[in-house]
Amino acid sequence: MQFSSRLNLACHILLYLAEYQDTQKVTSEVLSATTGVNAVNVRKTLCLLKAANLIEVRPGIGGTFLTRRPAEITLADVFDAVEDKEAPLFPMHANPNRNCPVGRSIGSVMDARIHVLEDALHSEMKHMTIQQMQDDMHSLLQHENTSSDATEKHA
């Protein structure tokens, strides 16, 4: 469960779909342009999201679409779709000194604590949805528009 940028990329893709899937054809090239990520890497992420049944890619007319409403897609769903569940969230340094009491025991001492943290993180992600992120995005953009309007009036 070590973090990569895949979670952020997948959320960006899902938010873009939530926002634009009904008004434009969303392809890997379009997603590459909005994310700033190579289209090959976008397609790899799309494959992971599709395998988790979070999106569908429609042949013929083309385009990518959410399979569920944004309120029904949790951050845990996205995380589980794109992150390697076998990789540790906090990997242990590679070569602790086995001749040192601390080096010999640090892995076992940390494991129990790491599992608690991983479980808590995953539990919290189950309460966060793409809809909440989309709402936050709209609020942020509204605030930016309000701030820029106020600045222009005082200029």
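A strand here is a DSSP run of E with at least two residues, and strands are numbered from the N terminus. In this predicted model, strand 1 covers residues 55-57, and isoleucine 55 belongs to it.

Isoleucine 55 has a relative accessibility of 1% and therefore counts as buried, the cut-off being under 20%. Its surroundings come from several parts of the chain. Leaving aside neighbours within four places in sequence, isoleucine 55 is in contact with Leu14 and Leu17, with Leu46, Leu49 and Lys50, and with Thr64, Phe65, Leu66 and Thr67. Arginine 68 is 13 residues from isoleucine 55 in sequence, and the C-alpha atoms of the two are 7.9 Å apart in space.

Two of those contacts, Leu14 and Leu17, lead to helix 1, where both are buried. Other buried residues of this helix include Leu7, Leu9, Ala10, Cys11 and Ile13, as well as Leu15, Tyr16 and Ala18. Helix 1 runs over residues 6-20, and its length can be checked: 15 residues at 1.5 Å a residue should span 21 Å, and the end C-alpha atoms are 21 Å apart, so the two values agree.

Leucine 7 also links helix 1 to a residue elsewhere in the chain. Its backbone nitrogen is 3.3 Å from a polar atom in the side chain of glutamate 83. Glutamate 83 sits in the loop that joins helix 4 (75-82) to helix 5 (101-125). With a relative accessible area of 3%, glutamate 83 is buried.

Leu46, listed among the contacts of isoleucine 55, is also touched by serine 28. Serine 28 is part of helix 2, which covers residues 28-35. Because its relative accessibility is 9%, serine 28 counts as buried. Apart from residues up to four places away in sequence, serine 28 touches Ala39, Val42 and Arg43 in addition to Leu46. The side chain of serine 28 also makes a polar contact, at 3.4 Å, with the side chain of glutamate 29.

The last feature is a space between atoms. Rolling a probe the size of a water molecule over the atoms shows where empty space is left. The largest pocket has a volume of about 190 Å³. It is lined by 14 residues, and those closest to its centre are Pro88, Phe90, Asp111, Ile114 and Glu118. Sorted by class, the lining has nine nonpolar residues, two polar ones and three charged ones.

Note on methods: Residues numbered from 1 in each chain as written. Predicted model: local features only at pLDDT ≥ 70, side-chain atom pairs only at ≥ 80, totals over all residues. Heavy atoms only, no water. 1 Å grid on protein atoms, 1.4 Å probe; cavity = no way out; pocket = protein on both sides within 12 Å on 5 of 7 lines; lining within 4 Å. Points joined across faces, edges and corners; volume = space filled by probe spheres on them. Nonpolar A, V, L, I, M, F, W, Y, C, P; charged D, E, K, R; others polar. Helix = DSSP H or I, 4+ residues; strand = E, 2+ residues; numbered from the N terminus. Expected span 1.5 Å × (residues − 1). Buried < 20%, exposed > 50% of the residue type's maximum accessible area, 1.4 Å probe, protein only. Polar contact = N/O pair within 3.5 Å; in protein donor to acceptor, adjacent residues only side chain to side chain. Contact = heavy atoms within 4.5 Å.
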